[in-house]
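Work through the exercises below with the sequence and coordinates open. Each task is followed by a solution in steps.

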Amino acid sequence: MSEGAGKAHEKRKIQAIKGVRDILPPETALWNRVEQTAHEVFATYGFGEIRLPIFETTELFARSIGADTDVVSKEMYTFATGYDPHSLEESIPGRTITLRPEATASVCRAYIEHGMHTLPGNVKLYYMGPMFRRERPQKGRYRQFYQIGAEVLSHSGDLKDDARVDAEVIEMLTTFFEKAGLEGTALYLNSIGCKECRPKYVELLRAALAKVKDKLGPDSQRRIETNPLRVLDSKLESEQAIIEKLPRIAEHLCPDCLEEYTEVKKQLAMRGISYTQNFRLVRGLDYYMRTTFEITAPGLGSQNAVCGGGRYDGLVELLGGPPTKGIGFAIGTDRVILSLQDMRKLPVERALEVYVAWMGEKNYPAAVKIARRLRDAGLAVELPPGEMKFGKALGLADKLGARYALIIGDDEVASGQFTVKRLEDGEQKKLGERELVAYLKAGEAP
Ligand code: HAM
């Protein structure tokens with residue numbers, strides 16, 4: 001490469017990859033508030049935070065989510081490592097790692113790995129962080145997106161207990177959305193049966209779909225064979241009336257599934273939580289059984305699901321652990337933020353309280369000292385690194401939204417009396433260091 005070409009290359013603007021994005025202040029303040037709400041609400045329900053790896057062996061996701069699902073077959077970011085990720089030495093061709101597309105599988109893996117089944121009572125864990133799926137990017141759908149999720153794993157209890165756990169998890173979710181300030185959410189509920197009754201229902205559905213095959217689009221026609229449940233997910237306008245007439249799983253549940261579903265609805269009603277039953281809610285991941293749910297929020301267009309979840313008894317066993325029941329959910333944080341922004345629930349960013357307008361190089365050490373003293377007292381302080389003319393400094397203080405300008409010049413340093421100017425009305429005071437802190441702190445109060 002010639003030198004000139006090299007230079008051109010250096011100067012080319014490097015942009016973020018399609019489908020991923022930066023989250024900037026002041027929006028990050030809103031993210032922090034939402035995440036803090038989750039930490040607080042989940043703790044009141046006895047959940048502890050688990051921090052999980054961002055990547056895992058591909059096999060973990062393939063086995064839990066299901067090799068034929070869209071997530072595993074089309075959307076995962078998978079890399080060849082060139083080494084055995086478990087030993088770091090032996091090179092095993094074909095062993096790959098994957099950026100996590102979700103975290104339920106990782107929670108189950110960690111539960112087994114740390115022998116959590118020996119812990120007393122139900123194991124209640126929550127997590128937050130980025131997930132990765134190679135989906136077509138659009139509003140509310142990204143390739144790196146964020147989830148706040150929670151899981152309850154239990155090794156004892158009957159159907160009634162399970163239903164109570166399901167309802168409590170949903171209660172926790174509704175509390176979270178309420179405290180986060182999200183309005184207009186709707187809860188959709190379904191039961192998708194179990195190993196006993198679902199295959200029979202799938203056959204029934206397949207037969208019903210075969211009868212109307214000609215009226216379906218090519219995707220649904222294909223799914224009659226591959227995965228008839230996914231036809232229920234179809235958004236195609238021409239298929240809606242047909243789907244409405246298809247057999248519904250809730251009417252074909254086995255006695256145990258019916259008992260649990262009935263009890264979940266009773267438990268939700270007892271807790272005053274309203275819901276809509278939606279027989280089309282089949283979810284896109286293979287590990288689900290019985291209770292499934294989704295929550296939608298306004299202001300999001302077609303990607304309006306802000307939360308999805310359900311029961312996954314047997315997943316831990318599938319991953320080599322002891323028989324374990326599971327229920328959980330994941331909230332799409334990006335979508336919660338979009339909906340809050342749509343409702344104009346904007347972030348309350350920490351306002352700048354004091355701008356230190358210092359003048360004269362020799363007075364800089366005094367400015368550093370006072371800035372540190374004010375910050376110690378909990379005030380938000382801006383200390384410009386370079387000297388500025390008085391007028392320019394005040395102009396910048398104003399633009400930055402500072403409440404006060406603290407003026408430090410020769411006179412102030414010599415006398416130990418600092419001039420404070422309230423920018424709102426121009427009121428000025430001369431104060432010693434101690435009164436200064438008290439005055440500025442008092443100014444914080446409304
Ligand atoms: P999921 O329905 O695949 O479930 O995702 C949960 C939520 O994550 C969705 O409702 C949506 O808000 C958000 N989400 C998913 N994909 C994207 C994307 N590409 N861009 C932005 N947001 C997205 C799960 O992941 C399960 N692990 C939930 C669960 C936990 N079930 C039981 N325990």
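**Exercise 1: a strand and its partners**

Task: in this predicted model, determine which way the side chains of strand 14 point and whether they are buried or exposed.

Solution. Tyr-404, Leu-406 and Ile-408 point one way from strand 14, while Ala-405 and Ile-407 point the other way. Buried requires under 20% relative accessible area. Residues on both sides are buried, and the count for strand 14 (residues 404-408) is 5 of 5.

Task: which strands pair with strand 14, and in what sense?

Solution. Start with strand 12 (residues 354-358): the pairing with strand 14 is parallel, over 5 bridges. Within this pair, Val-354 is opposite Tyr-404. Then take strand 15 (residues 418-422), which runs antiparallel to strand 14 and is joined to it by 4 bridges. Here Ile-407 has Thr-419 as its bridge partner.

**Exercise 2: the open sheet**

Task: give the strand order of the open sheet of 8 strands and find its edges.

Solution. The order is 1-5-6-11-10-9-7-8, with mixed pairing. Strand 1 (48-49) and strand 8 (276-277) each pair on one side only, so these are the edge strands.

Task: describe the pairing of strand 5 with strand 6, then identify what helix 5 and helix 12 touch.

Solution. Strand 5 (residues 123-132) and strand 6 (residues 144-154) run antiparallel and share 10 bridges; Pro-130 stands opposite Tyr-146. Helix 5 (residues 104-113) packs on the sheet against strand 5 and strand 6, at about 40° to the direction of strand 6. Helix 12 (residues 333-342) also packs on the sheet, touching strand 6, strand 10 (305-311) and strand 11 (325-332). The direction of helix 12 makes about 45° with that of strand 11.

Key:
Residues numbered from 1 in each chain as written. Predicted model: local features only at pLDDT ≥ 70, side-chain atom pairs only at ≥ 80, totals over all residues. Heavy atoms only, no water. Buried < 20%, exposed > 50% of the residue type's maximum accessible area, 1.4 Å probe, protein only. Helix = DSSP H or I, 4+ residues; strand = E, 2+ residues; numbered from the N terminus. Pairing = 2+ DSSP bridges. Contact = heavy atoms within 4.5 Å. Axes fitted to C-alpha atoms, helices over the stretch in contact; angles between N-to-C directions.
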